[in-house]
Number of protein chains: 2
Amino acid sequence: ALVKEYTDAGTYEVRGSIAGTGTTTWTTNEFAGFWYDLDDNEGSEELAIPVSGTTVAEETMFYNTTIVQTSYEGDFGGEAGTNADGDNITFPIIGLFAEEYVSLDDEDAGELVKLLLDTDDKYTLRTGSALELAGGYELTAKQIDVEGDKVWMELSKDGEFIEDEVIDVTDGEATWDYDVDVGDQSDVIVFRCLITDVFQGQVDSLAVVEGLWLLDYEDIMEIESSDEFGELEVDSVTDTISMFNSGTITLSRDKEITLAEGFMLKTADDSTLRYYPFVERTIGGTVAEEEEEE
Amino acid sequence: ALVKEYTDAGTYEVRGSIAGTGTTTWTTNEFAGFWYDLDDNEGSEELAIPVSGTTVAEETMFYNTTIVQTSYEGDFGGEAGTNADGDNITFPIIGLFAEEYVSLDDEDAGELVKLLLDTDDKYTLRTGSALELAGGYELTAKQIDVEGDKVWMELSKDGEFIEDEVIDVTDGEATWDYDVDVGDQSDVIVFRCLITDVFQGQVDSLAVVEGLWLLDYEDIMEIESSDEFGELEVDSVTDTISMFNSGTITLSRDKEITLAEGFMLKTADDSTLRYYPFVERTIGGTVAEEEEEE
């Protein structure tokens, strides 16, 4: 029999602090849904809403987000393979509607891609086995030369080859950077991998990866002045994206008001105006493989 | 072939405002993970942490939560079937580690049960069809007498009968209350159902439900002085549950410190102390039925 199973995705909300009339401003401290890096105390987003009665007048609400140069989780080397030259120790991150994006340019947020992975978790790869990254990407240790301190790594997506590299760890750890032309930019690093060791296990040759960083570089979000995201219109794009509300917004009783996709305001079912911003997220949710009739 | 599929549950975190040394207090406005009712502007939880250096001295941190009489989502009638007598228009809710519980006693939070359902969503039931509630409970309209303005309702759990009732809506909407002895309390209302209409559809007789409220009354959490929840010890239980840290807590760098199950502090990977509280939640996650070998 044909068997198809859906597992419902889970949707959850993260809200910000509670507001009423007057002007209220939320940054990372007041809105737990905004992107925030605790280790470096970094955030990029700000929302300000001025309410008169129950009205947010046209072009008075603003949402701003600014590129932040943030450090990688992994301890990647510079272009020369060491940290000494100071290159490539940060990357330009920007929160947009509480999601993490990377700007293709350090000072112009007009082209963004999603950050898929940024981790210093330790993985031990056996020869031939694939490590699933995110977004369909996989990393495979094709061959591991323990005596020569080398590992041949391959990056693929949905089973298709993208790039490979022989990485030499004779001098200790080594960084593999993969760069491509993306959007208007040339030679953008879109994948970084830190290999810290190769060694002989009891049965297999093994390679240790302790840093991975990956962009969803085939899906570019372009942002320019006058673009509209729901109720929000882009005012300017520099290293900061500034948006305002293109029309009047009425904070009616007991409503969920969409500012942009997944980015909303919820008002109380009360004669006194009370509301908070929230973001909606979905996690999980899979379709099990169809099984053919036997 | 035997086929067993696991779908990974999704885990997400909701954090509070960011803190450092000194004393910081979080209530619903500073901690989006705490239980909060926007419509009635109600919350019950408070966390205060005094930090000296990186140390939270023994018995200096407190977590308090107080019973709140909150209104039902549904417009249930009182015992006499109307709202005029003012009975049963609120119930005693209490957040505990950011989860919603109901106290079995209005003024003593020593016995708590989980709130499974509180909704004024509208459901139309056909004769014989079961409405799945939560926790395995189901509501079935066994028979609908349109001419007599009556509906025979049955509450069951995991397919087993619990209680039934013939509800008369001749005078408009009617409330069905189911009460049982729970823990130390007699005649506790554990299920409420508001039936607003019965009518003849084109094919089926139909009943409209516009209020449902259900407690997980077979699973009682008892709380008394000296009970320990992780790092937290109960100091007193009245209409307020007061807890303090039973031992010294050290806010070491780059750690997740569990205060109680699902209730944690995360510290920054930085020489400057910076931390926030967060709660961990799981949604989704199922095991598909095993299929027998054919």
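**Strand pairing, salt bridges and surface charge in a predicted model**

Strand β6 (residues 45-51) of chain A runs antiparallel to strand β8 (residues 62-66) of chain A, and 4 bridges join the two. Within this pairing, Glu46(A) stands opposite Asn64(A) of β8(A). The structure described here is a predicted model. Both β6 and β8 belong to an open sheet of 6 strands in chain A, with the order β3-β6-β8-β24-β23-β22 and antiparallel pairing. The edges of this sheet are occupied by β3 (22-26) and β22 (228-229) of chain A; each has a single partner strand, so one side of each is left without a neighbour in the sheet.

In chain B, 6 strands form an open sheet in the order β3-β6-β8-β24-β23-β22, with antiparallel pairing. Its edge strands are β3 (22-26) and β22 (228-229) of chain B, each of which pairs on one side only. At the β22 edge, 2 bridges connect β22(B) with strand β23 (residues 232-237) of chain B in the antiparallel sense. Here Glu228(B) has Glu233(B) of β23(B) as its bridge partner.

A further set of pairings in chain A involves strands β18, β19 and β20. Strand β18 (residues 174-182) and strand β19 (residues 185-200) of chain A run antiparallel and are joined by 8 bridges. Ala174(A) is matched with Ile195(A) of β19(A) as its bridge partner. The two strands form a hairpin with 2 residues between them, and Gly183(A) in the turn has a positive phi of about 55°. On continuing along the chain, β19(A) also pairs with strand β20 (residues 205-215) of chain A, in the antiparallel sense and over 9 bridges. β19(A) and β20(A) likewise form a hairpin, here with 4 residues between them. Gln200(A) stands opposite Ser205(A) of β20(A).

Strand β20 of chain A also contains Val209(A). This residue, Val209(A), has a relative accessible area of 0% and is therefore buried. Between Val209(A) and Asp121(A) the C-alpha to C-alpha distance is 8.0 Å, although the two residues are 88 residues apart in sequence.

Side chains of opposite charge can pair when their charged atoms come close. Over all chains, the structure holds 18 salt bridges. One of them links the side chains of Asp168(A) and Lys150(A), with an N to O distance of 3.6 Å. Asp168(A) lies in strand β17 (residues 160-168) of chain A and Lys150(A) in strand β16 (residues 150-157) of chain A, so this pair ties together parts that are 18 residues apart in sequence. Asp168(A) is partly exposed, at 36% relative accessibility, and Lys150(A) is also partly exposed, with a relative accessible area of 32%.

Another salt bridge is formed by Asp177(A) and Arg192(A), whose closest N and O atoms are 2.6 Å apart. Because Asp177(A) lies in strand β18 of chain A and Arg192(A) in strand β19 of chain A, the pair ties together parts that are 15 residues apart in sequence. Asp177(A) and Arg192(A) are both buried. In chain B, Glu99(B) forms a salt bridge with Arg281(B), the closest N and O atoms being 3.8 Å apart. Glu99(B) is located in strand β11 (residues 99-103) of chain B and Arg281(B) in strand β28 (residues 275-283) of chain B, so that parts 182 residues apart in sequence are tied together. Glu99(B) is partly exposed at 30% relative accessibility, whereas Arg281(B) is buried, with a relative accessible area of 14%. In addition, a network of salt bridges links Glu13(A), Glu256(A) and Lys266(A).

Charged residues also group at the surface. A negative surface patch is made up of Asp106(A), Glu107(A), Asp108(A), Asp184(A), Glu222(A), Glu224(A) and Asp239(A). Of these residues, Asp106(A) is found in the loop between β11 (99-103) and β12 (111-119) of chain A. With a relative accessible area of 45%, Asp106(A) is partly exposed.

How values were computed
Residues are numbered from 1 along each chain as its sequence is written. Chains are lettered from A and ligands numbered from 1 in the order in which they are written. This is a predicted model: local features need pLDDT of at least 70, side-chain atom pairs count only at pLDDT 80 or more; totals for chains, interfaces and linings use all residues. Side-chain values use heavy atoms; hydrogens and water are left out. Patches are made of residues with over 30% relative accessible area and no salt bridge: like charges are joined within 9 Å, nonpolar side chains (Val, Leu, Ile, Met, Phe, Trp, Tyr) within 5 Å. Accessible areas come from the Shrake-Rupley method with a 1.4 Å probe; for residues, only the protein chains shown count as cover. A salt bridge is a side-chain nitrogen of Lys or Arg within 4 Å of a carboxyl oxygen of Asp or Glu. Lys and Arg count as positive and Asp and Glu as negative; His and the chain ends are not counted. The place of a charge is taken as NZ of Lys, CZ of Arg, CG of Asp or CD of Glu. Buried means under 20% relative accessible area, exposed over 50%, partly exposed in between (1.4 Å probe, protein chains only). Two strands pair if DSSP finds at least two bridges between them.
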